[in-house]
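Please work through the two exercises below with the sequence and the model at hand, and try each task before reading its solution.

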Amino acid sequence: MRLVQLTVPTGKRQAILEALDERKIDYVVTDEKSSREYTAVVYFPLPDAAVEPVLDEIQETGIDEDAYTVVVDAETVVSRRFQALREEYEDGNVGSDRISRQELQAEADDLTPSLPVYVVMTVISAIVATAGLLLDSPAVVVGSMVIAPLIGPALGASVGTVVDDEELFTESVTYQIIGVVLAIGAAAIFALTARTTNIIPPGLVLSNVGEISERLAPDLLSLVIALGAGVAGVVSIATGTSVALVGVMIAAALIPPAGVAGISLAWGQPSAAIGATVLVLVNLLSVNLAGLLTLWYAGYRPENLFSLGETEQRVRKRIIGLALVVLLFAVFLGGISYASYETATFEQDARDEVLQVLTQEQYESYELLESEVVMDTDYPFRNPQRVIVTIGGPPDASVPELADTLDERINAHADGSVRVQVRYVEILER
């Protein structure tokens with residue numbers, strides 16, 4: 001529920017009150033003595049779904065944007081007429097739960113901080129995320145998402161598009177570009193500083209750090225996270241609910257991958273930064289695409305109906321453009337996913353081959369202790385480089401031909417040449 005406070009310009013009092021009476025809206029009028037431009041202030045409660053159509057109708061009476069219109073939350077309204085008004089506008093669909101277009105624009109503006117604050121908070125978030133990634137600490141990485149100010153620009157571009165506010169759209173896109181560049185740059189500088197000052201062990205291998213390795217070779221599931229964050233963000237802002245937790249989810253899709261990209265650059269591995277950078281871009285575009293589709297589906301349209309056709313055309317073009325770019329990146333992520341699938345299949349095939357060989361009579365005294373596939377460092381499309389097979393058997397019973405047999409049978413499942421290393425462990429039974 002909302003309480004609307006509307007200043008009445010000179011000569012518009014009767015027209016406004018007639019519009020409210022026609023819709024059977026209860027109101028209170030107080031005379032305004034502070035300015036000659038306004039004669040009164042009208043107070044009236046409205047259901048959430050009624051704010052936009054009622055304000056649009058009132059503006060058609062000649063109220064311009066210079067007049068003050070304040071919309072605030074109303075906890076409780078006790079009135080039979082209000083209950084009837086609520087039943088008229090709330091029909092249980094998506095449109096009846098959303099806030100008005102005017103409130104949506106104001107909310108999008110409020111969620112975007114000033115540029116200096118945005119820059120400082122983004123840099124701090126990226127540095128904290130980088131520290132958490134290098135420490136392999138999920139808790140620190142999550143903490144970095146909480147302070148990231150990314151939800152405002154991420155949703156502002158979609159809001160600006162559907163309500164025909166090009167200034168909001170341009171500002172939001174600019175903020176997003178600045179945010180991505182700042183996050184990757186800050187992460188790279190901090191990681192390089194940590195490495196050169198030996199804060200981080202000099203022999204650190206990025207692929208051995210769980211929080212980093214999973215973002216060096218992202219897969220298609222990452223796209224689902226970004227799309228879900230975009231839809232959840234728009235639903236939360238459009239229904240007037242808290243956006244804090246959704247902001248963390250959007251930051252989760254952007255800040256950690258940006259940190260990994262910066263770390264890869266600091267480690268002198270630009271090829272390793274490709275996967276993380278693509279993940280940042282595809283997540284950013286997916287959030288915008290999901291937000292745009294959700295807002296349009298929720299029924300948000302520009303205030304000026306004469307620009308509706310132009311806005312629809314603009315929305316359509318941007319949706320198609322975003323969808324094509326996201327699809328292109330999705331193909332890239334799909335390639336990484338397929339490479340991971342092939343690696344997993346090869347790992348299982350190699351293990352099966354070892355087990356099958358050990359079932360032969362001459363090797364019945366041996367057993368498989370461990371099978372490990374070591375990958376190369378050619379991110380994001382990694383390939384098996386070496387297979388380490390650890391076999392347990394009786395003392396002094398290593399069999400060279402067993403290694404040859406395993407090498408031949410394991411390489412039969414590999415696309416290229418894979419080194420097979422067989423380790424023997426003596427097993428003594430008492």
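**Exercise 1: the cavity**

In this predicted model, the largest cavity has a volume of about 100 Å³. Task: determine which elements line the largest cavity, and how many residues of its lining are nonpolar, polar or charged.

Solution. Begin with the count: a search of the whole structure finds 1 cavity of 30 Å³ or more. Next, collect its lining, which is made up of 13 residues, with Leu150, Gln176, Gly179, Val180 and Leu254 lying nearest the centre of the cavity. Then assign the lining to elements: helix 8 (151–162), helix 9 (166–196), helix 12 (244–266) and helix 13 (270–297) are the ones that each give two or more residues, and helix 9 provides the largest share, with 4 residues. Finally, sort the lining by class, which gives 11 nonpolar residues, 2 polar residues and no charged residues.

**Exercise 2: the sheet**

Task: establish in what order the 4 strands of the open sheet are arranged, and which strands lie at its edges.

Solution. Start from the pairing, which is antiparallel and places the 4 strands in the order 2-3-1-4. From there, identify the edge strands, strand 2 (28–31) and strand 4 (69–73), each of which pairs on one side only; from one strand to the next, the twist averages 20°. Now examine one pair in detail: strand 2 and strand 3 (residues 38–46) run antiparallel and are joined by 4 bridges, and Val28 stands opposite Tyr43 in strand 3. As a last step, add helix 2 (residues 48–59), which lies across strand 1 (2–9), strand 3 and strand 4 and runs at about 150° to strand 3.

Key
Residues numbered from 1 in each chain as written. Predicted model: local features only at pLDDT ≥ 70, side-chain atom pairs only at ≥ 80, totals over all residues. Heavy atoms only, no water. 1 Å grid on protein atoms, 1.4 Å probe; cavity = no way out; pocket = protein on both sides within 12 Å on 5 of 7 lines; lining within 4 Å. Points joined across faces, edges and corners; volume = space filled by probe spheres on them. Nonpolar A, V, L, I, M, F, W, Y, C, P; charged D, E, K, R; others polar. Pairing = 2+ DSSP bridges. Axes fitted to C-alpha atoms, helices over the stretch in contact; angles between N-to-C directions. Contact = heavy atoms within 4.5 Å.
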